[in-house]
Each structure stands twice: as structure tokens, then as C-alpha cells.
Amino acid sequence: MVIYKAKDYQDMSRKAANIISAQIIMKPNCVLGLATGSSPVGTYKQLIEWYKKGDLDFSQVTSVNLDEYKGLSPENDQSYRYFMNTNLFDHVNIDKTRTFVPDGLEADSEKACNDYNAVIRKQGGVDLQLLGLGHNGHIGFNEPGAAFEKETHCVDLTESTIEANKRFFESEDDVPRQAYTMGIKNIMQAKKILVVVSGEDKADILKEVLYGPITPEVPASILQLHNDVTIVADEAALSKIDM
Ligand code: F6R
């Protein structure tokens, strides 16, 4: 595991974008595993900037996203498909037919999850998986207690996740109660993993993830067992770790 210390969010974003662009340059037809949330937004901005300068070409890139709310359409501005379109895909020359997000409108959970696993397999696996880290150690929507061996599955959102996400919706009732997420097994099968972590509020959990016991109670702790993980975190997020 390699840990890069960044000065702040912007520096973290630039370092992470450098790693992703190196991946695209080395393998133009790579498969990127992508995440939503506030952590990767700056990384996507930086990638867009370099694309606009002519330094990056997404034309052969394929992407698979970690997760999607069950029941939200791609047009819903809270869906993760919408997030990816507005924060990255609409601004670069990626072929949208090769950008995959679980189908939030598929009501049959088993079908939605099996289809998504098949999509990932068909691409030949993920070359580089980008992850953010939840305050409770979750990755994707794999909350504490999720079995490490799971592939894409449907999760019931915890009260704390509903509470944390309700600020984005008109009312708490509008927050979806379920989501489709890649499982830990899918994530661990990626050839390389890049985790971006920012802010003092993530310092305790980051320390636990990196140096605590490997346990489903801290889903991201399993990353200790992956052989190619890069953490890019800012000083605030690394403040509890003696580098
Ligand atoms: C996003 C995702 C989540 C987030 C995590 C951190 O697709 O799967 O696991 O990465 O909740 O969110 P932020 O970056 O908003 O702190």
C-alpha cells in the first residue's frame, strides 16, 4: 500500500487525477471503476481540465460505477448516473454507451445485480477502481457488517445514511430506502485501487482502515489485503497517523 500525503483537497484531487491520467495514457482502453460523492469531485474537475487542454483522451475508456439508488431514474438529479454525467461524462470525450451504472429503474433486484456483475465481467474486470471512504468505513454502499464475499447486491440504506443524504432531497420521504452496490468482492477484484480521503472528520476512520483489524465492521479494512492500493489523503485526513 502506498500513501500519498496531500496538502489539502485541491492537492489531493490533482494527485489522484495524475494517477488516473497515467492509467489512461498507459492503457487507453482501460476500465475505470468510478465513485460519486464529494471526495472525487475535484479529481473529476482536474481530469476535465486536462482533457480540455488536449492532454487526455477518454475515447476508448470504459467506466463502471460503484453504486446507484434503487428507484431513481438517470434524469433524477440525485441519481448517481446524473452525478456522473454532470461531473465528468458530459465534459469529456468518453463514449456514454461504455459508461455503466447499476440500473436504478430495474425493480427486480436480483436481475439488476446479476446484470451488473455480467457487465463488469464482460469488460474483463476493472483496471483502476476509484473509491471514497464513508465515516463508518463504508466503500460503495457496503455498510459495516457487509460480507466480504458479496458481489453486486441490493442494500437497505441505514438510518444514518438516510439521515446524511436527506439534505440533497426535498424531504426525508424522498430519500430512496435501497441501493444497488458493487460488493466488496467486486471491489477487491480490481487490479488497482485508488482511495481519495479528505478532511479531519475522516481522520479516525482512515487510521482504523489502514492500521486496525481487518473486519466486516470496517468494510474498507479489507483493502489492507489488496496488493495494489494507493491512498491519496490530505493532511487533515492523515492527522491521526504518524507518517
Ligand atoms: C460513492 C460511494 C460512497 C462514498 C462515501 C464517501 O459512489 O459509493 O461510498 O464514496 O460515502 O462519500 P464522500 O466522498 O461524499 O465523503
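In the predicted model, strands S2 and S3 (residues 62-65) run parallel and are joined by four bridges. Across this pairing, Leu32 stands opposite Ser63 in S3. The connection from S2 to S3 passes through helix H2 (residues 41-52), and the resulting β-α-β crossover is right-handed. S2 is also joined to S6, again in parallel, by two bridges; here Gly33 stands opposite Gln129 of S6. Both faces of S2, which comprises residues 31-34, are covered. Val31 and Gly33 are buried on one side, and Leu32 and Leu34 are buried on the other.

These pairings belong to an open sheet of seven strands with parallel pairing, in the order S1-S10-S9-S6-S2-S3-S5. S1 and S5 are the edge strands, each pairing on one side only. Elsewhere in the sheet, S9 and S10 run parallel and are joined by five bridges. Leu194 has Thr230 of S10 as its bridge partner.

Helix H1 covers residues 9-26. Its 18 residues should span 26 Å at 1.5 Å a residue, and because its end C-alpha atoms are 26 Å apart, the helix agrees with that expectation. The buried residues of H1 are Asp11, Met12, Ser13, Ala16, Ala17, Ile20, Ser21, Gln23 and Ile24. In an α-helix there are 3.6 residues a turn, so residues three or four places apart point the same way. The buried residues of H1 pack against strand S1 (2-6), S2, H2, S6, strand S9 (192-197) and strand S10 (229-234).

Gln23, a residue of helix H1, has a relative accessible area of 6% and is therefore buried, the cut-off being under 20%. Residues up to four places away in sequence being left out, Gln23 touches Cys30, Leu32, Asp127, Leu128 and Lys192. Of these contacts, Leu32 is a buried residue of S2.

Helix H2 has 12 residues, and the distance from its first C-alpha to its last is 17 Å, close to the 16 Å expected at 1.5 Å a residue. Val41, Gly42, Thr43, Tyr44, Gln46, Leu47, Ile48 and Trp50 are buried in H2. The elements against which the buried residues of H2 pack are H1, S2, H3, S6 and S9. Just after H2, Gly54 takes a positive phi of about 90 degrees.

In the loop between S2 and H2 lies Ser38. The relative accessible area of Ser38 is 59%, so Ser38 is exposed, the cut-off being over 50%. Ser38 and Lys150 are 112 residues apart along the chain, and their C-alpha atoms are separated by 25 Å.

Helix H3 (residues 80-87) has Tyr80, Arg81, Phe83, Met84 and Asn85 as its buried residues. The cover over these residues includes S2, H2, S3, strand S4 (67-69) and strand S5 (99-100). H2 and H3 are thus both described by their packing: S2 is among the elements packed against the buried residues of H2, and S2 is also among those covering the buried residues of H3.

An unreviewed UniProt entry lists residues 10-228 as "domain: Glucosamine/galactosamine-6-phosphate isomerase". Over residues 10-228 the chain is 33% helix and 14% strand, with the end C-alpha atoms 24 Å apart.

The unreviewed UniProt entry also lists Asp67, Asn136, His138 and Glu143 under "active site". The lining of the largest pocket includes Asp67, Asn136, His138 and Glu143. Asn136 is found in the loop between strand S6 (128-131) and strand S7 (153-156), and His138 lies in the loop between S6 and S7 as well. With a relative accessible area of 27%, Asn136 is partly exposed. Residues up to four places away in sequence not being counted, Asn136 touches Glu143, Pro144, Ile205, Glu217 and Pro219. With neighbours within four places in sequence left aside, His138 is in contact with Gly132, Leu133, Glu143 and Pro219. Glu143 and Pro219 therefore appear in the contacts of both Asn136 and His138, and Glu143 is itself one of the residues that the UniProt entry lists under "active site".

Conventions: Residues are numbered from 1 along each chain as its sequence is written. This is a predicted model: local features need pLDDT of at least 70, side-chain atom pairs count only at pLDDT 80 or more; totals for chains, interfaces and linings use all residues. Side-chain values use heavy atoms; hydrogens and water are left out. UniProt positions are given in the numbering used here, feature names are shortened, and annotations may be inferred rather than shown by experiment. On a 1 Å grid over the protein atoms alone, a cavity is a set of points where a 1.4 Å probe fits but cannot get out, and a pocket is an open set with protein on both sides within 12 Å along at least five of seven lines; lining residues have an atom within 4 Å of a point. Buried means under 20% relative accessible area, exposed over 50%, partly exposed in between (1.4 Å probe, protein chains only). Contact means heavy atoms within 4.5 Å. Two strands pair if DSSP finds at least two bridges between them. A crossover is right-handed if, with the strands pointing away from the viewer, the path from the first strand over the helix to the second runs clockwise. The expected span of a helix is 1.5 Å times one less than its number of residues.
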